[in-house]
Every structure is written in C-alpha cells, then in structure tokens.
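Thanks for asking me to look this one over. My notes follow as numbered points, to be read with the structure open beside you.

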Amino acid sequence: MAINLAISAPCLPPRPSLIYRSASAPPSNPSYPSLVVFSYHTKKSHCFSRFLLPIPYAAGSSGTASITGDKDISNSLEKVEVYDLTGKAVPIIDLWRDRKAIIAFARHFGCVLCRKRADVLASKKDLMDAAGVALVLIAPGTVDQAIAFSEQTQFKGEVYADPTHSSFDALNFAYGVSTTFTPKAGMKIIESYLEGYRQDWGLSFKENTRSKGGWQQGGILVAGPGTSNISYLHKDKEAGDDPNIEDVLQACCS
C-alpha cells in the first residue's frame, strides 16, 4: 500500500535518482514499492514541484515518516471549523473521522473553474458511493454563498463554507495574484466556458471574495476513516491546476 503525501519544503530540485517519467513505468524490480505523487509548495516562493517518489507504508523509518506526515496534516486542521448549509459549525476533521471522504477545496463559490471541477468529481459519485466514500466541497465564503452555490450547481456532495479561510491557511494552499492570472488558467477558463460552465459574477464580487477569496487557490484531500488517515493531498499551484481524476479515484476508491 502506498501513501500520497504533500510536504512543504525549500524550493530545491528533487534528486534525479527519485524522478521517474510516469507512474505507468515503474522500475523493473517487482519488489519495489508502488510509485505515488509527492508534491510540495511554499507560500513565500509559490514554488511547486511534482515528482514520483516510492514510499512504502510499512514499519520502520519510511512508515514512521509517512505516519508523522499524516499527523502533521491532521494536527494543522485540528482546531479548524467549517459551516454546513444550516450554519452549524463542524470541526473539519469530523468530515472524515468515521468515514473516507474526498474533500475538494474550491477557490471560491463563484469560480467557474471550481464549478467544472465539482462537476467532474460529481460525475464519479457512483464509484464513490459504491466504495463508501463521501464527496465534500469546501470554499471560502459565507453560508449564504454556499447555499447559492449548492442551489445553482445541484452539487451531489456536501457543501461547507469556510468564511475565515482557516482550512486553506492550515493546509498552506497557494495564494496570490500571480497564481490566479496565468496563461494556463486563462486557457482553462476559455475551455470551461466553451463547455457550458459559467462564473457567478454576483458571488465573485462579494466583498469577502474581492478582498481575499479571489486570489485563493485550492486542492483536493482524500482522508479517513480516522482523523490522521491522510491518503492523498493535491495542492493547486495555480487556478485550474486540476489533478488527474484517476489518481484521486485510486486514492479513494480502489
């Protein structure tokens, strides 16, 4: 069994010996552990790297390191609360305490790219249901904005608001103008519009979104059951930096 983790680290290039072109071309040694996506991001430099690193989940130094990583992520979220559509505060770790869940962290509730990602995830809901995995979306904003998003998109999963950005800050997600207005993000927006997705400009220009939320990036977390059981974490390096949906499904439902 392999664990996908994200780490924060100085922006140094990974050692060449740890890099492989793709997970579909593992080393020929059959005893070599599975390859998993390992990424890092630092807010100060906005540096992001993806490379493939073998991490067996086993006793010994490797197992200890992966468990420590899981606990670090869990501990950073321990005091974070989000709000359901009734306005009830929910400790975020309760969302995967007794179940496995995919947590999609959206940029904000009006974001066209987030609406497309939510739709892509929801299209796999049957597979998640069969595996007993919950689908959850969290975005910066108010409960009223979360309700508007839920009604407009008819999202099949659970929706929560994080008005203080506390979960995004705890996970050290990318933030800033330079991560929002990029050529790739622009192309993704055009593609999304051509596919019929639309930005909600009313939600996008709410004061809390204009002042901070519009520059926030998100990601995807797969966790549970158990508060420290983190199996996958993807951090968007820029707007529209979608992970491979098959990687997410492998982490949650295989």
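1. A definition to begin with: a disulfide is counted here when two cysteine sulfur atoms lie within 2.5 Å of each other. Please keep in mind throughout that this is a predicted model. By that rule the count comes to one disulfide, and it joins Cys-252 to Cys-253, with an S to S distance of 2.3 Å. The torsion about the S-S bond of Cys-252 and Cys-253 is about -80°, so this disulfide is left-handed.

2. How buried or exposed are the two partners? Cys-252 has a relative accessible area of 4% and is therefore buried, the cut-off being under 20%. Cys-253, at 23%, is partly exposed. Helix H9 spans residues 245-253 and is among the elements giving two or more residues to the largest nonpolar core.

3. Now the chain as a whole. It has nine helices and ten strands, and 48% of its 254 residues count as buried. The chain exposes about 12300 Å², of which carbon and sulfur atoms supply 56%. Among contacts with a separation of 6 or more, 71% are between residues 24 or more positions apart.

4. Which residues touch the most other members of the largest nonpolar core? They are Ile-102, Phe-109, Leu-137 and Phe-155, in a core of 33 residues. Besides H9, the elements that give two or more residues to this core are strand E6 (100-105), helix H2 (112-122), strand E7 (133-140), helix H4, strand E8 (158-162) and strand E9 (219-223). H2 gives the most, with six residues. A second, separate core has 23 residues, including Leu-77, Ile-103, Ile-138 and Phe-168.

5. Leu-137 is worth a click. Leaving aside neighbours within four places in sequence, Leu-137 is in contact with Ala-104, Ala-106, Phe-109, Ala-118, Phe-149, Phe-155, Glu-158, Val-159 and Tyr-160. Two of the residues in that list, Phe-109 and Phe-155, are named with Leu-137 among those touching the most other members of the largest core.

6. Next, the loop between E6 and H2, where His-108 has its place. What does the side chain of His-108 reach? One of its polar atoms lies 3.1 Å from the backbone nitrogen of Gly-110, and the side chain also reaches the backbone nitrogen of Cys-111 at 3.3 Å. His-108 counts as buried because its relative accessibility is 4%, where buried means under 20%.

7. Two more cysteines deserve a look. Cys-111, whose backbone nitrogen is reached by His-108, has a relative accessibility of 1% and so counts as buried. Cys-114 also counts as buried, at 8%. The one disulfide counted in the model is the pair described in my opening point, Cys-252 with Cys-253.

8. Val-143 lies in helix H4, which covers residues 143-153. The C-alpha atoms of Val-143 and Ala-161 are 5.5 Å apart, although 18 residues separate them along the chain. Leaving aside neighbours within four places in sequence, Val-143 is in contact with Ala-161 and also with Tyr-83, Asp-84, Leu-85 and Gly-87.

9. Last, helix H6, residues 183-194. Its twelve residues reach 17 Å from the first C-alpha to the last, close to the 16 Å expected at 1.5 Å a residue. Just after H6, Gly-196 takes a positive phi of about 100°.

Terms used
Residues numbered from 1 in each chain as written. Predicted model: local features only at pLDDT ≥ 70, side-chain atom pairs only at ≥ 80, totals over all residues. Heavy atoms only, no water. Helix = DSSP H or I, 4+ residues; strand = E, 2+ residues; numbered from the N terminus. Buried < 20%, exposed > 50% of the residue type's maximum accessible area, 1.4 Å probe, protein only. Contact = heavy atoms within 4.5 Å. Areas by Shrake-Rupley, 256 points an atom, 1.4 Å probe, with all protein chains shown as cover. Core = buried A, V, L, I, M, F, W, Y, C linked by side-chain atoms within 4.5 Å. Polar contact = N/O pair within 3.5 Å; in protein donor to acceptor, adjacent residues only side chain to side chain. Expected span 1.5 Å × (residues − 1).
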